[in-house]
Amino acid sequence: MASSREYLDFVLEQLSELHDITYKAMMDEYIIYYQGKIVGGIYDDRFLVKPVESAIRLMPNAEYELPYEGAKEMLLVDQIENKDFLAELLNAMYEELPRSKAKKKR
């Protein structure tokens, strides 16, 4: 099942307190970036984030879910209605996330 544009718009509105949130469409799903780093994505109308230590600490009871077959497990964000929590979560995660790799030109 592909993610809907409506759910993407909802998540982006929930993240609107943060600066420099971007996304990239990829195979009917959406990768979410915060200040140039991948924090997670929207998969089957679920907002999933990378399971870094700060995310695990802030969401100790979060369910681990697969974004798609063959992928690594990610954390399901269940407090999607709480803008303050989402800002705290992404800000806490930021330092632990690797900088996105630039694609090599051939």
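**View 1. Strand 3 and strand 4 make a hairpin around Asp44.** Two residues sit between strand 3 and strand 4 in this hairpin, and Asp44 in the turn has a positive phi of about 50°. This is a predicted model, in which local features need pLDDT of at least 70, side-chain atom pairs count only at pLDDT 80 or more, and totals for chains, interfaces and linings use all residues. Residues are numbered from 1 along each chain as its sequence is written, and side-chain values use heavy atoms, with hydrogens and water left out. Strands (E, at least two residues) and helices (H or I, at least four) are DSSP runs, numbered from the N terminus. Asp44 is not a glycine, yet its phi is positive. Asp44 lies in the loop between strand 3 and strand 4 and counts as partly exposed at 26% relative accessibility. In these legends, buried means under 20% relative accessible area, exposed over 50%, and partly exposed in between, with a 1.4 Å probe and protein chains only. Strand 3 and strand 4 run antiparallel and are joined by four bridges.

**View 2. Strand 4 is covered on both faces.** Look along residues 46–49 to find this strand. Arg46 and Leu48 on one side are buried, and so are Phe47 and Val49 on the other. Val49 is a good residue to follow across the sheet: Gly40 stands opposite Val49, and Val49 stands opposite Leu75 in strand 6. Strand 6 (residues 74–76) runs antiparallel to strand 4, with two bridges between them.

**View 3. Six strands build an open sheet.** Which order do the strands take in the sheet? The order is 1-2-3-4-6-5, with antiparallel pairing. Strand 1 (21–26) and strand 5 (64–65) stand at the edges with a single partner strand each, so one side of each has no neighbour in the sheet. Two strands count as a pair if DSSP finds at least two bridges between them. Helix 1 (residues 5–14) lies across strand 1, strand 2, strand 3 and strand 4, and runs at about 165° to strand 1. For such angles, axes are lines fitted to C-alpha atoms, for helices over the stretch in contact, and the angle runs from 0 to 180 degrees between N-to-C directions.

**View 4. Strand 1 and strand 2 meet in a hairpin with Met27 in the turn.** Two residues lie between these strands, and Met27 has a positive phi of about 50°. Six bridges join the antiparallel strand 1 and strand 2. One of the residues to look for is Ala25, whose bridge partner in strand 2 is Tyr30. Tyr30 also stands opposite Ile42 in strand 3.

**View 5. Strand 2 is mostly covered.** Are the residues of strand 2 buried or exposed? Six of its six residues are buried. Glu29, Ile31 and Tyr33 point one way, while Tyr30, Ile32 and Tyr34 point the other way. Strand 2 runs antiparallel to strand 3, and five bridges join the two.

**View 6. Gln35 sits in the turn between strand 2 and strand 3.** Strand 2 and strand 3 form a hairpin with two residues between them. Phi of Gln35 is near 50°, a positive value in a residue other than glycine. Gln35 is partly exposed, with a relative accessible area of 30%. Tyr34 has Lys37 as its bridge partner in strand 3.

**View 7. Tyr94 in helix 3 is in contact with the turn region.** Helix 3 spans residues 83–94. Leaving aside neighbours within four places in sequence, Tyr94 is in contact (heavy atoms within 4.5 Å) with Tyr34, Gln35, Lys37 and Arg99. Tyr94 and Lys37 are 57 residues apart along the chain, and their C-alpha atoms are separated by 7.5 Å. At 13% relative accessibility, Tyr94 counts as buried.

**View 8. The largest pocket has a volume of about 440 Å³.** Of the 16 residues that line this pocket, Met26, Ile31, Tyr43, Tyr68 and Met74 are the closest to its centre. On a 1 Å grid over the protein atoms alone, a pocket is an open set of points where a 1.4 Å probe fits, with protein on both sides within 12 Å along at least five of seven lines; lining residues have an atom within 4 Å of a point. Grid points are joined across faces, edges and corners, and the volume is the space filled by probe spheres set on the points. Strand 2 (29–34) and strand 3 (37–43) each supply at least two residues of the lining. By class, the lining has eleven nonpolar, one polar and four charged residues. Here Ala, Val, Leu, Ile, Met, Phe, Trp, Tyr, Cys and Pro count as nonpolar, Asp, Glu, Lys and Arg as charged, and the others, Gly among them, as polar.
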